[in-house]
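The following note sets out comments on the structure for a colleague's consideration. The points are numbered so that each may be taken up separately.

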Amino acid sequence: MAESTMTPKQEAFVREYVIDGQKQAAAIRAGCGEKSAHVTASKWLRMAKIQARIAELQKASIKRLEITQDR
């Protein structure tokens, strides 16, 4: 999975980002400095490995919560 090629801070960012979709807040909660969080989050969200991990976690959440179009 993409997780093994990411730094611990990037993995924390992904997990926080999946919670609420707030990139700057997720970066801060993952341990980035407040002044650089926006830039760092924007950079990370352009990375394919980060995008793949976000998609993976979102798909798992959808499956776990049994979210369907009808529901």
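Is Q58 buried, partly exposed or exposed? Q58 counts as partly exposed, because its relative accessibility is 36%. The remaining points concern a model that is predicted.

1. Overall make-up. The protein comprises 4 helices and 0 strands, and from the N terminus its elements follow the order α-α-α-α. Of its 71 residues, 31% count as buried. The exposed surface amounts to about 5000 Å², of which carbon and sulfur atoms supply 54%. Where contacts link residues at least 6 apart in sequence, 48% of them join residues at least 24 apart.

2. Geometry of the helix α1. This helix spans residues 8–20, 13 residues in total, and its first and last C-alpha atoms are 19 Å apart. That reach is close to the 18 Å expected at 1.5 Å a residue. After α1 comes G21, which has a positive phi, near 75°.

3. The two faces of α1. The buried residues in α1 are Q10, E11, F13, V14 and Y17. They lie on the same side of the helix because the arc they cover around the axis is only 155°. As a general matter, residues three or four places apart point the same way, because an α-helix has 3.6 residues a turn. The face of α1 turned away from the buried side carries the exposed residues P8 and I19.

4. Q10 on the buried side. Q10 is found in α1 and counts as buried because its relative accessibility is 7%, against a cut-off of under 20%. Leaving aside residues up to four places away in sequence, Q10 touches W44, M47, K49 and I50.

5. The charged pairs around E11. The salt bridges of the model number 5. In one of them, the side chains of R15 and E11 meet at 2.8 Å, N to O. The two residues are 4 apart in α1, so about one helical turn separates them. E11 counts as buried because its relative accessible area is 10%, whereas R15, at 43% relative accessibility, counts as partly exposed.

6. A link from α1 to α4. E11 also forms a salt bridge with R53, with the closest N and O atoms 2.9 Å apart. E11 lies in α1 and R53 in α4 (residues 48–65), so this pair ties together parts that are 42 residues apart in sequence. R53 is buried as well, with a relative accessible area of 3%. Both partners of this salt bridge are therefore buried, E11 at 10% and R53 at 3%.

7. A further salt bridge, and the network. The side chains of R29 and D20 meet in a salt bridge at 3.2 Å, N to O. R29 is partly exposed at 40% relative accessibility, and D20 is partly exposed with a relative accessible area of 35%. Elsewhere, salt bridges that share partners join E11, R15, R53 and E56 into one network.

8. The nonpolar core. In soluble globular proteins, nonpolar side chains tend to be buried together. In this model the largest nonpolar core has 15 residues, and those with the most contacts inside it are F13, V14, Y17, A27, L45, I50 and I54. Two or more core residues are given by each of α1, α2 (23–29), α3 (37–45) and α4. The largest share, 4 residues, comes from α3.

9. I54 within the core. I54 is one of the core residues with the most contacts. Not counting residues up to four places away in sequence, I54 touches V14, Y17, V18 and L45. V14, Y17 and L45 are themselves among the core residues with the most contacts.

10. Return to Q58. The place of Q58 is in α4. Its C-alpha is 6.7 Å from that of V18, although the two residues are 40 apart in sequence. V18 is also one of the residues that I54 touches. The partly exposed state of Q58 follows from its 36% relative accessibility, because that value falls between the cut-offs of 20% and 50%.

How values were computed:
Residues numbered from 1 in each chain as written. Predicted model: local features only at pLDDT ≥ 70, side-chain atom pairs only at ≥ 80, totals over all residues. Heavy atoms only, no water. Expected span 1.5 Å × (residues − 1). Buried < 20%, exposed > 50% of the residue type's maximum accessible area, 1.4 Å probe, protein only. Arc of directions from axis to C-beta. Salt bridge = Lys/Arg side-chain N within 4 Å of Asp/Glu carboxyl O. Contact = heavy atoms within 4.5 Å. Core = buried A, V, L, I, M, F, W, Y, C linked by side-chain atoms within 4.5 Å. Areas by Shrake-Rupley, 256 points an atom, 1.4 Å probe, with all protein chains shown as cover.
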